[in-house]
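Hi,

Here is the structure I said I would pass on. Have a look at it first, and my notes follow underneath.

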Amino acid sequence: MEINERNQLAAIAKILVRNGHDKVLNEPLIELLQSGQNTVRPDLFSFAEKWLKATSPKALAELWEEFKILLSLHPDLGFVVIEGTHIADIPSFYAEINRVYMADESWQIGSLDGFDDLLYGGFGKVQDAKKQTIIWKDIAYSKTALGLTTSVAYYQEKLAANSPFNHTYFQQKLADLQAGKVQTYFDIVAEIIQSHPKIDWIY
């Protein structure tokens, strides 16, 4: 039953993050309602019942907020929601990752290697889930925020006079980036997510 619940929640997430028509929500809501009749998660049933009864057009902004709360109450199902509009630069990317994953931990993620380690599991909010799904809302904002301008600034910081990093290496990285030959910071984040086969990515 848990697999079916995950499937229907994932279907709802895809519609909401991709700005699908609210009537398309009826099918996964019906499936969630049916799977929730004998579930140990009665709030899934109540959520589906409420929004099936809502007249069209549904208040999708309100539905989205309730949906996020619903997912947060069941971390064992393995869903996390990243709000793309919270990300304006690299520090705010990690602030969002820590808000989503690390609220109950005594330390924070602050590097690409740390983000990669997080997705392997063993710590963070959904560490006990058999399957993980990242739901990234408004990803276009994040892609722009972590795009070329931010990436150039990132490499320029590595080249500061007091920087301990290998200047020759990062000078080449910067030149390649400006020539369109290497990935932006967002591209690297995306590659890390895609390198984890047990993680689904909805955006």
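Strands β2 and β3 (residues 199-202) pair in the parallel sense, over 4 bridges. In that pairing, Thr133 of β2 stands opposite Asp200 in β3. Keep in mind that this is a predicted model.

β2 has another partner too: β1 (residues 79-83) pairs with β2, again in the parallel sense, over 5 bridges. Here Phe79 stands opposite Thr133 in β2, so you will meet Thr133 in both pairings, given that Thr133 also stands opposite Asp200 in β3.Now for the burial of β2. The strand covers residues 132-137, and 6 of its 6 residues are buried, so β2 is largely enclosed by the rest of the structure. In a regular strand the side chains alternate between the two faces of the sheet. In β2, Gln132, Ile134 and Trp136 point one way, while Thr133, Ile135 and Lys137 point the other way. Both sets are buried, Lys137 included.

On to the helices. Two packed helices are described by the angle between their axes and the distance between those axes. For α1 (residues 2-17) and α4 (residues 60-72), the angle is about 140 degrees and the axes are 11 Å apart. The crossing of α1 past α4 is left-handed. On the α1 side the contact is made by Leu9, Ile12, Ala13, Leu16 and Val17; α4 brings in Leu60, Leu63, Trp64, Phe67, Leu70 and Leu71. What does that contact look like by class? It has 11 nonpolar residues, with no polar and no charged ones.

Cheers

Conventions:
Residues are numbered from 1 along each chain as its sequence is written. This is a predicted model: local features need pLDDT of at least 70, side-chain atom pairs count only at pLDDT 80 or more; totals for chains, interfaces and linings use all residues. Side-chain values use heavy atoms; hydrogens and water are left out. Axes are lines fitted to C-alpha atoms, for helices over the stretch in contact, and angles run from 0 to 180 degrees between N-to-C directions. Helices (H or I, at least four residues) and strands (E, at least two) are DSSP runs, numbered from the N terminus. A crossing is left-handed if the near helix is turned anticlockwise from the far one by less than a right angle, and right-handed if clockwise. Contact means heavy atoms within 4.5 Å. Ala, Val, Leu, Ile, Met, Phe, Trp, Tyr, Cys and Pro count as nonpolar, Asp, Glu, Lys and Arg as charged, and the others, Gly among them, as polar. Buried means under 20% relative accessible area, exposed over 50%, partly exposed in between (1.4 Å probe, protein chains only). Two strands pair if DSSP finds at least two bridges between them.
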